Amino acid sequence: MAEDDLIVVENDRMNGHKDRNTALENGFDDEPDFSDPEDYVDDIRDEDLLSDLLRNKPTEQSGLQNVVIVDRIPQVGPERADKLKTVLAKLFAKCGKIMNEFYPIDDKNLTKGYVFFEFERHEQALDAVKSFDGHKLDKQHVFAVNLFTDIDKYLNIPDEMEEPSKEVYSDRGNLHYWLLEPECCDQYSVLYEGGETTAVYLNSMPEPSLLKERKLWTEQSLQWSPLGTYLATFHKRGIALWGGEEFTQMARFAHESVTFIDFSPCEKYITTLSQALVVANDPNAIIIWDIRTQTKKRGFSADPQQQLIWPIFKWSFDDKYFARINADSLSIYETPSFGLLDKKSLKIAGIRSFTWSPSQNILAYWVAEDQNVPARVTLLEIPSRTELRAKNLFNVADCKMHWQKCGDYLCVKVDRYTKAIKKEKTEFKYSGMYYNFEVFHMREKQIPVDSLEIKDQIVAFSWEPIGNKFAIIHGEGSSYSVTFYGIKPGGTVIQLKKFESKQCNHLFWSPAGQFIVLASLRSSSYVLEFIDTSDFTITNTSEHFQITDVEWDPTGRYVVTGVSHWAHKVDNAYWLWSFQGRLIRKHSLDRFCQLLWRPRPATLLTDDKIKEIRKNLKKYSAQFDIKDRMALSKVSKDMLEKRRSLMSDFQTIRQRNELLFNSTKKRRLELREADDDLNNEDETEETVEFLIKEELIVIDDED
């Protein structure tokens with residue numbers, strides 16, 4: 001390279017450094033040119049390039065779904081503002097964690113009468129609206145609670161109403177078809193093969209008829225609704241209800257890992273509980289659903305530290321009310337609002353348990369003894385909360401309340417201490433036990449109470465479903481006494497019959513009354529005794545080895561005893577008995593787990609009509625006897641036909657096999673390298689005689 005060229009290059013290099021230094025001094029540097037070419041066409045959308053970011057793009061309403069506005073709160077100054085904030089925060093914290101709160105202040109430094117609460121989740125904000133909208137703080141202040149996002153909805157209501165589209169009617173069929181069965185045979189569900197197979201049978205004679213069978217129908221167990229309309233199955237994602245002649249799915253309720261369910265008595269609502277959500281202290285651990293609309297009505301939490309006693313919520317007989325026990329209070333809710341009755345709970349210090357009458361909106365609860373204050377059983381009328389009757393009890397260890405099915409009587413079993421020794425001024429030492437039964441006569445004026453005392457340990461108690469008798473198993477050791485009591489019209493409790501030395505620990509009354517089964521379940525004895533309590537005769541005594549369950553059919557004609565695979569791994573079966581104790585048939589199923597009869601709704605006949613039918617039963621018996629004889633004749637004919645068919649099939653198979661045997665005879669002899677003559681020489685005939693039976697008949701000589 002020439003020297004002049006080197007000088008030019010060096011000058012250009014020096015000028016370049018000079019221009020670069022000038023650019024840096026002016027605050028910018030030369031950058032590469034990223035401009036698109038003139039002919040470039042941008043055909044890539046933002047949604048394709050930044051889909052993950054745009055998906056989470058915040059909206060104007062983001063975060064506002066968790067905010068509620070509480071209107072009509074008191075307008076107070078700074079001196080009372082802290083107290084107001086404490087009261088409101090305590091109330092609304094029941095719905096969930098409050099993240100932020102804001103109380104607007106006017107020019108006079110007074111609260112403006114409304115407040116903003118921000119919750120952790122949207123579900124908690126919805127619960128706050130449902131729980132406290134219309135809540136009465138005091139006589140002058142009734143809350144109006146709304147979601148913050150509802151403001152736009154109310155501002156943008158169109159002037160003209162848009163008529164909603166009509167939904168297509170879906171005919172679900174006759175859900176009570178089984179009540180029209182001509183022979184009045186009942187249905188029952190069976191879970192077997194370790195819970196993998198579910199079947200529904202019709203209890204026809206001489207053999208049950210299979211109506212529906214399905215594999216993996218449920219993942220846990222089965223449960224019929226109280227009136228028999230639905231069959232509930234358990235699944236990981238929730239509960240499904242089945243009904244109709246083909247047992248099609250009628251409803252499903254999404255609630256993860258449901259472990260317990262409870263129907264309301266009239267089948268309007270169903271309560272589900274998820275044990276996993278209880279442990280997580282989730283506010284939706286318990287959910288109450290509307291069965292027909294399949295909508296969630298309200299969610300509740302459950303204390304994971306407390307022992308779970310199911311059902312947590314107990315329903316009134318007409319589905320109008322349901323209640324639960326909280327710490328020293330009883331919360332009663334009403335439907336269909338699902339809010340607290342009168343917007344507040346009943347403060348009852350020391351409340352232990354409660355139960356509803358099966359025929360009236362009357363609630364019975366008992367309160368434990370506290371130092372010098374006796375225990376107390378109280379009857380409360382709902383919704384007025386009027387106290388109808390109360391009974392004070394002393395030296396009480398525990399109470400159990402038992403309603404008679406018709407609601408005519410309430411029996412309170414009271415466990416009492418025999419002695420109470422005063423240790424200090426306020427402490428007592430108790431020893432020994434005896435038992436009282438306090439019987440409340442609900443249909444009589446002022447509800448009189450009778451007392452019955454028993455010194456022995458109480459094993460079981462049970463009311464006759466229809467009638468005025470009850471039975472008690474009591475005693476020590478493995479041999480107990482069974483005593484039956486009756487209530488006279490005047491109101492006196494009298495002993496009707498006492499059976500000594502009975503090996504039983506459970507009582508099972510027929511749903512129609514009069515007949516009862518004494519059973520020994522899950523013990524070393526497996527005795528069954530069938531008793532007719534009209535004259536207290538033992539109609540039959542039998543055994544079912546390793547028996548775990550006893551189930552009466554809803555009409556009281558049949559009773560089933562079973563050995564469940566959940567309790568024993570062998571001898572899994574169920575046996576069908578008549579109400580008098582005659583064994584009708586045995587069913588052995590592979591890993592049989594559970595049998596449940598399909599319930600029937602209450603009869604529509606009046607008491608007078610039922611009395612008339614019973615009075616004239618002999619008049620109707622003749623036609624039923626004819627039907628029974630025809631049925632037996634038909635059964636005999638069917639059995640003969642079945643036997644003939646089986647014999648015909650057997651003869652056909654035998655002839656086919658004989659032909660096959662004779663056709664292969666030559667080949668068999670070749671393989672054995674033998675012939676008929678050689679085999680005949682080796683064959684010998686031997687006659688064996690033995691005594692089968694010896695019978696001696698004495699014939700008198702005729703003179």
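## His565 and its surroundings

In this predicted model, His565 has a relative accessible area of 15% and is classed as buried, because the limit for that class is under 20%. His565 is located in the loop between β38 (558–563) and β39. Its side chain forms a polar contact with the side chain of Asn572, at 3.4 Å.

When neighbours within four places in sequence are set aside, His565 is in contact with Gly194, Asn572, Arg591, Phe592 and Cys593. Asn572 is therefore both a contact of His565 and, through its side chain, the partner in the polar contact. Phe592, another of these contacts, also takes part in an aromatic pair with Tyr574.

## Aromatic pairs

The count of aromatic pairs in the structure comes to 40. One of them joins Phe92 and Phe132, whose ring centres lie 4.6 Å apart; the planes meet at 40°, so this pair is tilted. Phe92 belongs to helix α4 (residues 78–92) and Phe132 to helix α5 (residues 122–132), so the pair ties together parts that are 40 residues apart in sequence. Both residues are buried: Phe92 has a relative accessible area of 0%, and Phe132 has one of 7%.

A further pair is formed by Tyr574 and Phe592, with ring centres 5.5 Å apart and planes at 40°, so the geometry is again tilted. Here Tyr574 lies in strand β39 (residues 573–578), whereas Phe592 lies in the loop between β40 (583–588) and β41 (594–597); the two are 18 residues apart, and the pair links distant parts of the chain. Tyr574 and Phe592 are both buried.

## Ring cluster and charges over rings

Ring pairs also connect Tyr269, Phe300, Phe313, Trp315, Phe322, Tyr333 and Phe338 into a cluster.

Two charged side chains are placed over aromatic rings. Lys455 lies over the face of Tyr434, at 4.9 Å from the ring centre. Arg598 has its charged end over the ring of Trp178, at 3.9 Å from the centre of that ring.

## Antiparallel hairpins

Strand β23 (residues 375–381) pairs with strand β24 (residues 386–393) in the antiparallel sense, over 7 bridges. Within this pairing, Arg376 stands opposite Asn392 of β24. The hairpin has 4 residues between its strands, and Arg385 adopts a positive phi near 65° there.

Strand β35 (residues 527–532) and strand β36 (residues 537–543) likewise run antiparallel and are joined by 6 bridges. The bridge partner of Asp532 is Thr537, in β36. This hairpin also has 4 residues between the strands, with Phe536 taking a positive phi near 60°. As background to both pairings, side chains in a regular strand alternate between the two faces of the sheet.

## Cysteines

The structure contains 0 disulfides. Cys399 is buried, at 5% relative accessibility. Cys406, by contrast, is partly exposed because its relative accessible area of 30% falls between the limits of 20% and 50%. Cys593 is among the contacts of His565.

Notes: Residues are numbered from 1 along each chain as its sequence is written. This is a predicted model: local features need pLDDT of at least 70, side-chain atom pairs count only at pLDDT 80 or more; totals for chains, interfaces and linings use all residues. Side-chain values use heavy atoms; hydrogens and water are left out. A disulfide is a pair of cysteine sulfur atoms within 2.5 Å. Buried means under 20% relative accessible area, exposed over 50%, partly exposed in between (1.4 Å probe, protein chains only). Rings of Phe, Tyr and Trp (its six-membered ring) pair if their centres lie within 6.5 Å; planes under 30 degrees apart count as stacked, over 60 as edge-to-face and the rest as tilted. A charge sits over a ring if NZ of Lys or CZ of Arg is within 6 Å of the ring centre and within 35 degrees of the ring normal. A polar contact is a pair of N or O atoms within 3.5 Å; within protein, one must be able to donate a hydrogen and the other to accept it, and residues adjacent in sequence count only if both atoms are side-chain atoms. Contact means heavy atoms within 4.5 Å. Two strands pair if DSSP finds at least two bridges between them.
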